[in-house]
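Let's take a walk through this model together, one stop at a time. Have a look at the chains first, and then read on.

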Number of protein chains: 2
Amino acid sequence: MQIGELAKQAGCPVETVRYYEREGLLHAAVRNESNNYRQYNLSHLDRLTFIRRCRSLDMTHGEIWALLDARQQPDASCESINELIDTHLLHVQARMTELRALEGQLIDLRSQCHAARATRDCGILRELDHPGDTAWRSPALTHSHVSGSHSSSDAHNHGEKQK
Amino acid sequence: MQIGELAKQAGCPVETVRYYEREGLLHAAVRNESNNYRQYNLSHLDRLTFIRRCRSLDMTHGEIWALLDARQQPDASCESINELIDTHLLHVQARMTELRALEGQLIDLRSQCHAARATRDCGILRELDHPGDTAWRSPALTHSHVSGSHSSSDAHNHGEKQK
DNA sequence: GAACACCCTAAAGTAACTACAGGGTCAAGC
DNA sequence: GCTTGACCCTGTAGTTACTTTAGGGTGTTC
Ligand SMILES: [Zn+2]
Ligand SMILES: [Zn+2]
Ligand SMILES: [Zn+2]
Ligand SMILES: [Zn+2]
């Protein structure tokens, strides 16, 4: 199996497979001697699929490493695995709590302006400009990874010409 | 006011202020001629505080640019501001929906192993290894930025010695 | 004049990819 | 034999919003 087929089976881009190999997450494939193409077998596909399932649960590479390591020691206790899942569940829940708080603040903010008026009278800007009575404290820091709410394809250019 | 005082008033690190200036979000400060230190006034503090409030709502720099731009035109309609907040609220809600789905999957996964047993018998690994009947599809892509659940301080090293 | 808090710049690191530049390999069709 | 197109390779840079590090100047105090 070459890299395109492996990636297709695992449902991820080819570049991601090469990236995982560089990171060591995926074992380096044997190369075809004549053309230097990577050759994969089913155990590679197994491992890659495992990794992608963990990523779809938003685990970090560090968390995935820990699971892969644990898997290498079938005789050890699985306690650390159970704990890792618990901890990661807390990561996700912590972030949800933050986002719920943000949602509330944004709904409050939005309620400051319903009609379209002149910008100078917009209640939203007014509220952003002066703290007001709503709690403007930044959300208490959590031990969560899992951050953000914006897709990477959001363009962030400002007054610059597009190509 | 020099940079340390400004940062303290706004509740953010000094480096972040310099970073915003490089990005253009914050206007470049006048420099003290003798020592080249940045000198700020209250309008800088206003703008920085505005930016930080938007960031605490998890807006991107692009979204903040749009608000800052709109604020420059007090006579225009504030419709775009209202829409921006609506859209960003959708970003946050979309991410919450994703995280709720993740939470459900993780709870399912965790339920596969309650006692600490040998790793070879761990129901969690078993489930991660073979798709099982639970829906393993990656969460439908949203138009959200706001991603992740892990804090940046999570260490992600594996078998490497610490310094 | 030494300690210490403060300021400066430029460059690299973070997480997990994604994209690009520049080029080799292979099968099919003309 | 040559072109077209799909596939593969390497290496590097870009993404987001910062943070960290290296290396060095400034200002006040003891
Ligand atoms: Zn986690
Ligand atoms: Zn308005
Ligand atoms: Zn947004
Ligand atoms: Zn277990």
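A residue is called buried when its relative accessible area is under 20%, exposed when that area is over 50%, and partly exposed in between, using a 1.4 Å probe and protein chains only. By that rule B:Cys78, with a relative accessible area of 0%, is buried. B:Cys12 is buried too, at 8%.

Before going further, a word on the ground rules. This is a predicted model, in which local features need pLDDT of at least 70 and side-chain atom pairs count only at pLDDT 80 or more, while totals for chains, interfaces and linings use all residues. Residues are numbered from 1 along each chain as its sequence is written, chains are lettered from A and ligands numbered from 1 in the order in which they are written, and side-chain values use heavy atoms, with hydrogens and water left out.

Back to the cysteines. A disulfide is a covalent bond between the sulfur atoms of two cysteines; here the test is a pair of cysteine sulfur atoms within 2.5 Å. Searching the whole structure gives 0 disulfides over all chains. For B:Cys12, the nearest cysteine sulfur belongs to B:Cys54 and is 14 Å away.

Now turn to the metal. Which residues coordinate the zinc ion (ligand 3)? They are A:His150 (NE2), B:Glu63 (OE, listed twice), B:His88 (ND1), B:His91 (ND1) and B:His145 (NE2), at 1.7 to 2.8 Å. Donors are N, O and S atoms within 2.8 Å of the metal (3.2 Å for Na, K and Ca), and sites may look incomplete because water is not among the atoms. The 6 donor atoms make angles of 24 to 149°, and the site is irregular. Two of these ligands, B:His88 and B:His91, sit 3 residues apart, about one turn, in helix α5 (residues 79-110) of chain B, where helices are DSSP runs (H or I) of at least four residues, numbered from the N terminus. Both histidines are buried.

How do the two chains relate? A turn of 180° with a shift of 0.0 Å along the axis lays chain A on chain B with an RMSD of 0.0 Å, the fit being by least squares on C-alpha atoms of residues with pLDDT of at least 70 in both. The copies are therefore related as by a two-fold rotation axis. In chain A, the C-alpha nearest that axis is the one of A:Ser147, 2.3 Å from it.

Key. Tetrahedral: all angles 85-135°; square planar, octahedral: opposite > 155°, others 65-115°. Helix = DSSP H or I, 4+ residues; strand = E, 2+ residues; numbered from the N terminus.
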